[in-house]
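Please work through the exercises below with the sequence and the structure at hand. Each task is followed by a solution in steps.

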Amino acid sequence: MRKMFRSFLSVLIGLMLLFSVIGGFSAKAATTYIYDEAGVLSQEQLSSLYSQMETYSKNNQCDIVAVLVNSLNGMSAEAAADTYFDQNVGYGSTNNGIVLYISLGDGEYAFSTGGIAYDVFSDYECNEIANQVIPYLQSGDYYEAIRTFASGADYYLQHFSDSAYAAAPGEKKHNGIWAPIAAFIGAIAGWIGTGGQKAALKSVREQHGARNYVRQNSFQVQDAREQYLYSQVTRVRRQTQDNSRPTNSRPSGGGGGGVHGGTSGKF
Amino acid sequence: MAGLLQYKCPCCGGAIEWNSTLQKMKCPYCDTEFDLQTLQSYDQELATDKPDSMEWQQEPGSEWTEDEASGLRVYVCQSCGGEIVGDANTAATSCPYCGNPVMMMGNFAGNLKPDYVIPFKLDKEAAKKALKDHLATKKLLPKVFKDENHIDEIKGIYVPFWVFDADADAKMRYRATRVRTWNDPQWTYTETSFFQVIRGGSLSFDHVPVDGSSKLDDTLMESIEPYDFSQAVPFQTAYLAGYLADKYDVDKDQTIGRANQRIKESTQQAFDQTVTGYVSVQNEYSNIQLNNGVAKYALYPVWLLNTSWEGKQYTFAMNGQSGKFVGDLPMDKKLYWKRWGLIAGITAALVYGASWLFTML
């Protein structure tokens, strides 16, 4: 009897583990990286984009999602993007993700970001991606538009993880580089602070020049000329964007969801 | 044959000295004071004295080597008859037996006679106080040096200097740039304009001093400059009474190079400062001609203080006219690193704390 109970328990635990694993896989598989409600992409294109976006998303631990719809149904593009984000997107406990929401019928698009993507994709990054995506949207090449969006998002996510200001979403991360910087500044201050005291011990110095012995009012400049020789002109392209830590002009709460960032526009 | 000179007090016959406070001669025995005019007459009168009353001897067959002996001079003190041994350059000293100040007149004869002397304005007490002040302000000085230090020797010495006058005629050429920037909607433009700048003119120097004694460190002597030559007076032996004095053993031809170097440096600086209004200035050519050069031989007052610590000799010097005091001092290395660590630690902690604060904001 006891043997039977043990066998039953083993099978039960095994089934529980199996279901939990399957459940886990199905939960992850629930993220739809490309949602083509408008039906403008071929199955082959959908498959290719899905594969690309899934890879980027997992590598960066941040969902990269594109949505193509025919109409916003009276909503703003931003609100629609945020709503979609809240209902369908979010990697890990901090819901990392970026959604490019495109309404073909309205000719509008919007980015919605959350979690770590909120910090990564400020207005600057969103606009940079949008500038590359819009020409494809205008020409109707939606496949290339979304592929460009996914590549751009991947680039900024990877770049951000290497940058000095990378921080986990929702928390202020203190960068470790400050420790050696503080030690270096401290050492310099130590040298400067004691340098004066050390120098005070040495007072025997060679005189430079003989300015103490200049005869009063004897300095006469009889020849003072300036001759122009030539000029050189160089030019550098003006910076139109502020590339220092960018701002996020749209910190907004979605429909019951978390805080989202991103930009929007027409194409 | 060199002779000795002592100033005898007309009142008591004691050897009188130059008093830097009173700026007069004063007898240390009967406190009688004499002004310079009186002494000048007195000096002239002494100059007529026959030398046969002054004798010097050099020991025949002495145990000194030939080189050593050639640099030694032996004199007999007029007051006590004691034997005074000095080197060939000693011009004034004091008798080791009776303490009376004496002067070796042979070292002030003919071409060796100084043109000017700047009399001592500050006395031995002032030198002692200056040393105390010098040590008091040094935070990294070993405490034992300050506490246990005692001066081995303080001596007021008239140091032979060559002083040079010269007019410098200069011609300079510089390469200079000005920069202008402007923008259009796409580009920022920078225009760098290059100019050749010419400067020419003259500058005169008076009484640039160069140490004429090989026994004293030239850098130490330069460190206590400047001297105010307006207070120099025509040389009189009376000023030397009570102090040591050397005659020069580095002639003016050997020292003129240093004077020229200093004059050229200052001339260059003076003209460099007239080239203004440019972003960058680089000297391309410099030609400085020195004219009307005149050299004078003068004695300048210096207080020398010697002390030794941990087997090392430390020499301090004070300008006997202005009181400027110099002398390198040892450093307490432990104290240095302690202070360095304290400042570095506090600063690093503040910076690190500020970085956290900045992050939290």
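The exercises concern confidence and salt bridges in a predicted model.

**Exercise 1.** Determine where in chain B confidence is lowest and where it is highest.

Solution. Begin with the whole chain: chain B averages a pLDDT of 83, and 81% of the residues score at least 70. Next, turn to the elements: helix H2 (residues 66-70) of chain B has the lowest confidence, at a mean of 58, while strand S11 (residues 187-211) of chain B has the highest, at 95. Finally, note residues 51-62 of chain B, where pLDDT stays under 50.

**Exercise 2.** Establish which parts of chain B are tied together by the salt bridge of B:Asp165 and B:Lys296, and whether these residues are buried or exposed.

Solution. The two side chains meet at 2.7 Å, N to O. B:Asp165 belongs to strand S10 (residues 153-183) of chain B and B:Lys296 to strand S14 (residues 280-309) of chain B, so the pair links parts 131 residues apart in sequence. Both B:Asp165 and B:Lys296 are buried.

**Exercise 3.** Classify the accessibility of B:Asp246 and of B:Lys215.

Solution. The side chains of these residues form a salt bridge (2.9 Å, N to O). Buried means under 20% relative accessible area, and partly exposed lies between that and 50%. B:Asp246 has 8% relative accessibility and therefore counts as buried. B:Lys215 has a relative accessible area of 46%, so B:Lys215 is partly exposed.

**Exercise 4.** Locate the partners of the salt bridge between A:Arg215 and B:Asp206.

Solution. The side chains meet at 2.9 Å, N to O. The pair crosses between chains: A:Arg215 is in the loop between helix H7 (178-199) and strand S5 (220-237) of chain A, and B:Asp206 is in strand S11 of chain B.

Terms used: Residues are numbered from 1 along each chain as its sequence is written. Chains are lettered from A and ligands numbered from 1 in the order in which they are written. This is a predicted model: local features need pLDDT of at least 70, side-chain atom pairs count only at pLDDT 80 or more; totals for chains, interfaces and linings use all residues. Side-chain values use heavy atoms; hydrogens and water are left out. pLDDT is the predictor's confidence in each residue, from 0 to 100. Helices (H or I, at least four residues) and strands (E, at least two) are DSSP runs, numbered from the N terminus. Contact means heavy atoms within 4.5 Å. A salt bridge is a side-chain nitrogen of Lys or Arg within 4 Å of a carboxyl oxygen of Asp or Glu. Buried means under 20% relative accessible area, exposed over 50%, partly exposed in between (1.4 Å probe, protein chains only).
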